[in-house]
Amino acid sequence: MNRQLLCFLLLVMMTVSAVSQSILGKWRTVDDKTGEEKSIVKIYENNGKVFGKIIEIFNPEKRNLVCKFCKGQDHNKPILGLNIIKNMEKEDDSYIGGTITDPQDGKTYRCRLKLHDKNTLQVRGYIAFFYSTQYWKRENE
């Protein structure tokens, strides 16, 4: 195999690996207490920061609910379409510096996002040094 072809194949493999290791995309949220799958959140980048928007709710009875306990501009906004993750910035192998909102009670927490493996996203919300962790599963697109 000639050297140029080998270099090209190596570059392609590195690119595919880098793309598969991104947190961007669709994630299936899982309730940390019940293990029930609740929604799909699309994580996307905008102006160098990462956000997460609820794009699907599995329980038909909850699809039309509004975030009645949310504060500020999210108050009484539909939960479907709501940005629950805001202003995350990459630092090493994690995303930090932003917030996550629980649309059930409207509480907002400091947030850290980190890939646990290529198909599992560790989502951690903090109050002071206390935290709660969920593991979301990558949605096949």
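## The barrel

Two strands count as paired if DSSP finds at least two bridges between them. In this predicted model, 8 strands pair in that sense and close into a barrel. Their order is S1-S2-S3-S4-S5-S6-S7-S8, and the pairing is antiparallel. From one strand to the next, the twist averages 35°. Strands of a sheet pair through backbone hydrogen bonds, either parallel or antiparallel.

One of these pairings can be followed in detail. Strands S6 and S7 run antiparallel and are joined by 7 bridges. Asp 117 has its bridge partner in S7, namely Thr 120.

## The nonpolar core

In soluble globular proteins, nonpolar side chains tend to be buried together. Here the largest nonpolar core has 23 residues. The members that touch the most other members are Ile 23, Ile 43, Ile 85, Leu 113, Leu 121 and Trp 136. Two or more core residues come from each of strand S2 (37-46), strand S3 (49-57), strand S4 (83-91), strand S5 (94-101), strand S6 (108-117) and strand S7 (120-127). S6 gives the largest share, 4 residues.

What does Leu 113 touch, not counting residues up to four places away in sequence? Its contacts include Ile 23, Ile 43, Ile 85 and Leu 121, which are also listed among the core members that touch the most others. The rest of the contacts of Leu 113 are Met 88, Ser 94, Tyr 95, Gln 122 and Val 123.

## Salt bridges

The count of salt bridges comes to 6. In one of them, the side chains of Glu 139 and Arg 28 meet with an N to O distance of 2.7 Å. Glu 139 lies in the segment after strand S8 (130-138) and Arg 28 in strand S1 (residues 25-30), so this pair ties together parts that are 111 residues apart in sequence. Glu 139 is buried because its relative accessible area is 17%, under the 20% limit. Arg 28 has a relative accessibility of 22% and so counts as partly exposed. Arg 28 and Glu 139 also belong to a network of salt bridges that includes Glu 37.

Another salt bridge is formed by Lys 114 and Asp 93, whose closest N and O atoms are 3.5 Å apart. This pair links distant parts of the chain, with Lys 114 in strand S6 and Asp 93 in the loop between S4 and S5, 21 residues apart. Both residues are partly exposed: the relative accessible area of Lys 114 is 27%, and that of Asp 93 is 47%. Lys 38 forms a salt bridge with Asp 31, and here the closest N and O atoms are 4.0 Å apart. Lys 38 is partly exposed at 26% relative accessible area, whereas Asp 31 counts as buried at 15%.

## The disulfide

A disulfide is a covalent bond between the sulfur atoms of two cysteines. How many disulfides does a search of the whole structure find? The search finds 1, and the bond joins Cys 67 to Cys 70 with an S to S distance of 1.7 Å. The torsion about this S-S bond is about 55°, so the disulfide is right-handed.

Are the two cysteines buried or exposed? Cys 67 is buried, at 0% relative accessibility, and Cys 70 is buried too, with a relative accessible area of 4%. A further cysteine, Cys 111, also counts as buried, at 4% relative accessibility.

## Two loop residues with positive phi

Most residues other than glycine have a negative phi, and most peptide bonds are trans. Asn 47 is a residue other than glycine with a positive phi, near 55°. Its place is the loop between S2 and S3. Asn 47 counts as exposed because its relative accessibility is 75%, which is over the 50% cut-off.

Asp 92 is not a glycine either, and its phi is positive, at about 55°. This residue lies in the loop between S4 and S5, the loop that also holds Asp 93 of the salt bridge with Lys 114. Asp 92 is exposed, with a relative accessible area of 67%, whereas Asp 93 counts as partly exposed at 47%.

Technical notes:
Residues are numbered from 1 along each chain as its sequence is written. This is a predicted model: local features need pLDDT of at least 70, side-chain atom pairs count only at pLDDT 80 or more; totals for chains, interfaces and linings use all residues. Side-chain values use heavy atoms; hydrogens and water are left out. A nonpolar core is a set of buried Ala, Val, Leu, Ile, Met, Phe, Trp, Tyr and Cys residues joined through side-chain atoms within 4.5 Å. Buried means under 20% relative accessible area, exposed over 50%, partly exposed in between (1.4 Å probe, protein chains only). Contact means heavy atoms within 4.5 Å. Axes are lines fitted to C-alpha atoms, for helices over the stretch in contact, and angles run from 0 to 180 degrees between N-to-C directions. A disulfide is a pair of cysteine sulfur atoms within 2.5 Å.
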